[in-house]
Amino acid sequence: MSRRSRRFVIALALAAAAAAIALASPEAFAQSGRNPFAIAGGESAGAASGFAGLVLSWQNKFHQELQAAAKALKTSPEAFWTLAGASLFYGVFHAAGPGHGKAVLASYMIASRAALGRGMALAALAALLQGAVAIALVGAAAIVFGATATQMKWAAANIELASYAAIAVLGASLVWKKGAAFLAAAHTPPLPRASTVFCCEAVGDPAHIHSDACGHFHIPDAAALESGFSWGDALGTIVAAGLRPCSGAILILVFTLAQGRFLTGVAAVLLMSAGTAATTGALAAAAVYARETARRFSSPESRRAKLAGAGAQLLAAVAVLILGLALLVGSAPGGGA
Amino acid sequence: MWLGLVRGADAHPHVWVAVRSEVAFGPDGKILGVRHAWEFDEMYSAFAVQGLGKNGKPPTREELAPLAKTNVESLAEFEFFTFAKQGGSKLKFKEPVDVTLESDDKKIVTLRFLLPLETPVPAQKPFSFQVYDPTYFVSFGFEKQNPVTLSKAPAGCSVSTMEPKPLAADENKKLSEAFFQNFSPGADFGVKLATRVIVACP
């Protein structure tokens, strides 16, 4: 095994371990307990430290600014601009915490070979869906049906359940595909030693034609390993990451509705989505960058590198499935710690 | 790389509560429990009264009862957000009683309930409690004026509150090293930001 491919395997193993740890962290599963005053389910998590602590204090600041600006709307229309700014930054910092949406998106980016642009698009669409669901929920429930807080909580809990089911389905679909790709890679016979086979072909020939009997040998199922973008999975990722509305958005919408300024609330929530898209887009970019860095170290022909690559993708897929199932079990009626 | 982003704190308050508490004593001078009045912020209040109340009037207690019920049902799992101690050992509470949720003229809602101790404790040893949400989804803060009162306490009993050290970055203050040290690994925001109430009797 060459030095390059060893580094590649180590880098991929690290990326896979990172995905596993991120998903298995207590925060990811801490959602089972439903906070008595939660609006759209348990978004809360426990301890914070270092950078996270700083993010937390910013989130807190922007949430309070949001509330103050929404309140000020009653008397001064120009408070809208403060509200707009606070909404945007609230979206940016709110998305900087952990959460199943980000875990799903990042794992999907590792598990699939989706390119940077696609990752950004997925992040943007997931963020937009999250805002749209909040607007639709409050719009339909509160304005059309005059729903009460209890009924809205019930509706939000069901949307949440659906989003967890979507994560599990996405995970299962990825495991199915990545499992097949991994098995294909595992069944590929090892490279024959170049020295054991006499190779008559011209080395350095740009046309590069040779038979399978030649020691220089391409991984046959490269297509299965390299493919990975499917619109079905991409749509599943958007739904899984973005279906659950955020409490902050619901609160702002109900609050502005109570003041007869629902459309202002809608604008604020769309700006929150833009802010969230910026952060989750950066996360998707980081996942792509990590993956591509790992690939750069690889010798493309190394069988072990291919196997490790397929293994890392499978691991990320398994992590999505486990996350979905754990969240489903945790939020099922009577479930949870 | 993105591990640092994914882990950490999603926790930040979505709901603010101004707390006023009353420590209830029995005829035998023992501490029976804590009676809470939790006043919610304007946004959560707007959420709570949504769809309730007629002709723009604030909703009645009866109208708010279903929400009070769902709120209180999940309180046990969170230890009622009330953490009491005596002589270094933790005290347990029973299910809340006298639960009401009411709205004032400005449509600000207040949740009231009595939280009885599983076994009443003698008041001669200092009794203390804190109100906080360990997950920091809800930010609890005591009212500035008369945050805690005593009900039917024996003569000479007193109550005092200990404010937490300021944690959040003051806008005028520069981010200092101390600020980061406060967020040491495993730091629990809820408890770090919680006021401690201490009741002492002769």
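Two strands count as paired here if DSSP finds at least two bridges between them. Keep that cut-off handy, and remember that this is a predicted model.

**Exercise 1.** Work out which residue of β7(B) is the bridge partner of B:Gln86, and how many bridges link β3(B) to β7(B).

*Solution.*
- Start on strand β3, residues 82–86 of chain B.
- From B:Gln86, cross to β7(B), where the bridge partner is B:Phe127.
- Now count: β3(B) and β7(B) share five bridges and run antiparallel. Pairing takes at least two bridges, so these strands qualify.

**Exercise 2.** Follow B:Gln86 to β4(B) and describe the turn between β3(B) and β4(B).

*Solution.*
- Opposite B:Gln86 in β4(B) you'll find B:Ser89.
- Three bridges hold this antiparallel pair, β3(B) and β4(B), together.
- The two strands make a hairpin with two residues in between, and B:Gly87 in the turn has a positive phi of about 55 degrees.

**Exercise 3.** Put together the strand order of the open sheet in chain B.

*Solution.*
- Go on from β7 (127–131) to β11 (196–200): four bridges, antiparallel again. One of the links is B:Ser128 with B:Ile198.
- The full order of the five strands is β4-β3-β7-β11-β10.
- At the edges sit β4 (89–91) and β10 (158–162), each pairing on one side only.
- From one strand to the next, the twist averages 25 degrees.

**Exercise 4.** Decide why helix α2 (42–49) of chain B is called largely enclosed.

*Solution.*
- Buried means under 20% relative accessible area.
- Seven of the eight residues of α2(B) are buried, so the rest of the structure largely encloses the helix. Among them are B:Tyr44 and B:Phe47.

Conventions: Residues numbered from 1 in each chain as written. Chains lettered and ligands numbered in written order. Predicted model: local features only at pLDDT ≥ 70, side-chain atom pairs only at ≥ 80, totals over all residues. Heavy atoms only, no water. Axes fitted to C-alpha atoms, helices over the stretch in contact; angles between N-to-C directions. Buried < 20%, exposed > 50% of the residue type's maximum accessible area, 1.4 Å probe, protein only.
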